[in-house]
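Please look over the sequence and the structure before reading on. The paragraphs below then take you through them step by step.

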Amino acid sequence: MKIICIGRNYTKHIEELENEKPENPVIFLKPDSAILLKNNPFVIPPFSNDVHYEVEVLVKINRLGKFIDKKFAHKYYNEIGLGIDFTARDLQGQLKSKGLPWEKSKAFDGSAVISEFFPKTNYNLDTIGFQLYKNNELVQDGDSSHMLWKIDEIIAYVSQFFTLKIGDVIFTGTPAGVGKVNPGDVLLGKLENEEIIKVNIK
Ligand code: ZN
């Protein structure tokens with residue numbers, strides 16, 4: 001399976017990182033080795049002093065598809081989840097300034113937290129509420145209604161470049177409030193008020 005991530009999908013997050021609003025979705029990939037195994041702590045990697053959390057709504061692909069039309073995109077997923085896209089922000093900044101690919105800062109081991117998945121029929125996909133708490137303090141409060149590109153548009157767009165396969169996971173972008181993790185922190189993620197992610201930082 002592959003993990004496809006969307007960058008800059010929420011205006012307030014674009015502003016907090018002083019990025020430009022993109023004309024098209026920003027896409028990057030994580031390999032399956034990036035998945036943080038269930039119940040494992042997240043260990044801050046030695047090559048970064050500024051790893052950020054980014055909480056995101058996840059979509060799990062359940063059908064093979066390429067060049068998917070937006071109006072049929074809803075047929076390619078049945079389940080929604082929550083994830084954390086850990087990002088070595090210092091390293092990403094260096095790579096961005098040199099115009100280099102982001103992989104080292106985004107796709108390293110443990111950088112993808114993936115929750116259990118739940119039927120999409122449990123949610124109003126146009127307005128999914130999701131939150132991240134750091135040490136019991138609310139740090140990110142997202143709502144999918146603020147996405148620049150909605151789930152179906154994302155599927156249509158990415159499938160022009162990458163064949164979507166059963167089991168692929170899409171990270172749909174993070175809202176504002178990203179920040180640094182430190183050893184000892186505990187992150188809790190909620191999807192529609194249900195706690196479905198807990199990660200200890202080491
Ligand atoms: Zn992200």
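The text moves from the whole chain to one of its strands and ends at the metal site.

This is a predicted model. The chain holds four helices and 14 strands. Its C-alpha atoms fill a box of roughly 45 × 40 × 30 Å along the principal axes. A compact globule with 202 residues would have a radius of gyration near 17 Å, and the chain has 16 Å, so the two agree.

Burial and contacts add to this picture. Of the 202 residues, 52% count as buried. The surface that the chain exposes comes to about 9,700 Å², and carbon and sulfur atoms supply 49% of that area. Among contacts between residues at least 6 apart in sequence, 76% join residues at least 24 apart.

Strand S9, residues 129-134, gives a closer view of how parts of the chain pair up. How many of the six residues of this strand are buried? Six of the six are, and S9 is described as mostly covered. A residue here counts as buried when its relative accessible area is under 20%. The residues of S9 point in two directions: Gly129, Gln131 and Tyr133 go one way, while Phe130, Leu132 and Lys134 go the other way. Both sets are buried.

S9 pairs with strand S10, residues 137-143, through six bridges, and these two strands run antiparallel. In this pairing, Tyr133 stands opposite Leu138 of S10. The two strands form a hairpin with two residues between them. Asn135 lies in the turn of this hairpin and has a positive phi of about 50°.

S9 also pairs with strand S13, residues 186-191. Five bridges join S9 and S13, and they too run antiparallel. Here Leu132 of S9 stands opposite Gly189 of S13.

The last stop is the zinc ion. Which residues coordinate it? Glu54 and Glu56 do so through OE atoms and Asp85 through OD, at 1.9 to 2.1 Å. Along the chain, the donors of the zinc ion follow the spacing E-x1-E-x28-D. Glu54 lies in the loop between strand S3 (51-53) and strand S4 (55-61), whereas Asp85 lies in strand S5 (residues 77-85), so this pair ties together parts that are 31 residues apart in sequence. Are Glu54 and Asp85 buried or exposed? Both Glu54 and Asp85 are buried. Water is not among the atoms of the model, so a metal site may look incomplete.

Key: Residues are numbered from 1 along each chain as its sequence is written. This is a predicted model: local features need pLDDT of at least 70, side-chain atom pairs count only at pLDDT 80 or more; totals for chains, interfaces and linings use all residues. Side-chain values use heavy atoms; hydrogens and water are left out. Donors are N, O and S atoms within 2.8 Å of the metal (3.2 Å for Na, K and Ca); water is not among the atoms, so sites may look incomplete. Buried means under 20% relative accessible area, exposed over 50%, partly exposed in between (1.4 Å probe, protein chains only). Two strands pair if DSSP finds at least two bridges between them. The radius of gyration is taken over C-alpha atoms; the globule rule is 2.2 Å times the number of residues to the power 0.38. Contact means heavy atoms within 4.5 Å. Accessible areas come from the Shrake-Rupley method with a 1.4 Å probe; for residues, only the protein chains shown count as cover.
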